[in-house]
Amino acid sequence: MITVRKLGVLLSKSDRTFENEGVLNPAVIEEDGVIHMFYRAVRRGNHSTIGYCRLSDPTTVSERFDQPVLVPDNASDSQGVEDPRIVKIDGTFYLSYTAYDGYQAMGCVAMSEDLKHFRKYGLVVPQVNYKDFRNWVTQSGKINLKYFRFDQCSTVLWDKNVIFFPRRINGKLAFLHRIRPGIQLVMVDDLNDLTPEFWKRYFLDFKKHIVLDPAASHETSYIGGGCPPIETNSGWLVIYHSVRDTIEGFIYVASAALLDIDDPTNEIARLPYPLFEPEFDWEKRGEVNNVCFPTGTIIRGDELYIYYGAADEQIAVASVSLSQLTEELLKNHKTT
C-alpha cells in the first residue's frame, strides 16, 4: 500500500461573517511561484461563497482575504457558489464550481486572466429533466442501475463536480462531471457547443462517456470528481472522492486512478483501496462527519500535496510521493 502523510489542518473557519460556519473543498493553483487557494466559505444558514488565501509554501498560509472573491448573483446560485476547482488552459484560468439555488446543484465555470477578476460563464452542464435523461440513456446500452435512482427533491438532473483537464486533448476542451453514481467526460471545441442538441446526442450515447463507475468496496455508494487531472508519463492521474454507506452514515474517502492520455474514457488502473480516509478527529467530526474530500493539488519535486475538505468544516493537506503513487497504480492495471 502507498504511504500518505497527513500534514494536518491548513485553514479553519473564522469569525468573518461569510465563513463563520466552515471552510472546505479548495481549488489550488501555482502561478509564477505563488500558490493561490480559492475555497468554499460557508456562513450560517448554509450560504456559500468563494474565499481566497495565498500560501508561501504548500503548508503555510501567508495572506487571507477579508471578503469573498466570488459570490451568488443570479437565480441559479442564489443559495451559494460551492466547491471550486481551477486550471489554466491557453492562458485563461478556468474556475469551475457548483451553483446551488436551494433545490438544484449544477456545474458552472468562471474565467480569469489574472486570478483577480473573474467573469461567470454560467452553467456548463445539461438542463434536462429526469424523464428525458432516462429515456435517452437507456438507448446507449446497459449501465449501472444507480443512474436511475434519482434525487426526488428535484425534477431536473443534478450534475456537478465539473473539473477541467489542464490542457486541450486532441484539440478539444475536456472536463469531467458527475451524474451519480459515476464520473463522465465531455470534450468540445468550445463551451458554446454545449447546446440542448449536444446534450441529447451525448445522452443517447451516454455509456461511452462514462470514465469511472463505482467498483471497489470503499466506493459502493457512488464516486465523484476530486482534483484536476495531473499529466504523468503513465497517464492522467485522477484523485477523486468515493463514498460508501455504513451504519455510521456515509464515509467519504480519497481515491486514485490512471486514465489514458489521449482517451480519458479508457481506465488504465485504479487503487483497490482508498488513497486516504478519515482517521483523525478533524476528519471524523464536523458539519458532516467522516469526510475527506480532495479538490486541489500542488507538486514540488516528487511530492504531491493534496488539499481536501475535512468533515465539511476545515481544509487539510496530505502528501504522497508522485512516483510511488504512479508505481502503485500500475500494479493494479485494469484487466478486461
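Contact here means heavy atoms within 4.5 Å. Keep that in mind for Leu-194: leaving aside its neighbours within four places in sequence, Leu-194 is in contact with Val-124, Phe-175, Val-186, Val-188 and Trp-199.

A quick word on what you're looking at. This is a predicted model, where local features need pLDDT of at least 70, side-chain atom pairs count only at pLDDT 80 or more, and totals for chains, interfaces and linings use all residues. Residues are numbered from 1 along each chain as its sequence is written, and side-chain values use heavy atoms, with hydrogens and water left out.

## The cores

Leu-194 also turns up in the largest nonpolar core, which has 34 residues. A nonpolar core is a set of buried Ala, Val, Leu, Ile, Met, Phe, Trp, Tyr and Cys residues joined through side-chain atoms within 4.5 Å. Buried means under 20% relative accessible area, exposed means over 50%, and partly exposed is in between (1.4 Å probe, protein chains only). Along with Leu-194, the residues with the most contacts inside this core include Tyr-94, Phe-133 and Phe-206. The elements giving two or more residues to it are β6, β8 (105-112), α1 (130-137), β10 (160-164), β11, β12 and α2 (196-204). Those labels are DSSP runs numbered from the N terminus: helices are H or I with at least four residues, and strands are E with at least two. Apart from this core lies another one, of 25 residues, among them Ala-256, Leu-304, Ala-318 and Leu-329.

## Two helices side by side

Two packed helices are described by the angle between their axes and the distance between the axes. For α1 and α2, the angle is about 50 degrees and the axes are 7 Å apart. Axes are lines fitted to C-alpha atoms, for helices over the stretch in contact, and angles run from 0 to 180 degrees between N-to-C directions. The two helices are therefore oblique to each other. On that scale, angles under 35 degrees count as roughly parallel, over 145 as roughly antiparallel, 65 to 115 as roughly perpendicular and the rest as oblique.

Which residues of α1 and α2 meet? Phe-133, Trp-136 and Val-137 come from α1, and Lys-200, Phe-203 and Leu-204 from α2. They divide into 5 nonpolar, no polar and 1 charged. In this count Ala, Val, Leu, Ile, Met, Phe, Trp, Tyr, Cys and Pro are nonpolar, Asp, Glu, Lys and Arg are charged, and the others, Gly among them, are polar.

## An open sheet

Now find the open sheet of 4 strands, with the order β1-β21-β20-β19 and antiparallel pairing. Strands β1 (5-11) and β19 (292-300) stand at the edges with a single partner each, so one side of each is left without a neighbour in the sheet. From one strand to the next, the twist averages 25 degrees. Two strands pair if DSSP finds at least two bridges between them, and 5 bridges join β1 to β21 (residues 314-321). Leu-11 stands opposite Ile-315 in β21. Helix α4 (residues 322-330) lies across β19, β20 (303-310) and β21, at about 75 degrees to β21.

## Strand β10

Is β10 enclosed or open? With 5 of its 5 residues buried, β10 is largely enclosed by the rest of the structure. It pairs with β11 in the antiparallel sense over 3 bridges, and Lys-160 has Arg-178 in β11 as its bridge partner.

## Buried or exposed?

Here are some residues to click on.

| Residue | Place | Relative accessibility |
|---|---|---|
| Asp-32 | loop between β2 (22-31) and β3 (34-43) | 74%, exposed |
| Asp-83 | strand β6 (residues 80-89) | 6%, buried |
| Met-37 | strand β3 | 0%, buried |
| Asn-161 | strand β10 | 2%, buried |

Met-37 has contacts beyond its neighbours within four places in sequence, including Leu-10, Tyr-52, Tyr-307 and Ile-315. For Asn-161, with those neighbours again left aside, the contacts include Arg-85, His-177, His-241 and Phe-293.

## Backbone oddities

Most residues other than glycine have a negative phi, and most peptide bonds are trans. Asp-32 has a positive phi of about 55 degrees, and Asp-83 has a positive phi of about 50 degrees. A cis peptide bond joins Arg-180 and Pro-181, with omega about 10 degrees. Look for Pro-181 in the loop between β11 (173-178) and β12 (183-188).
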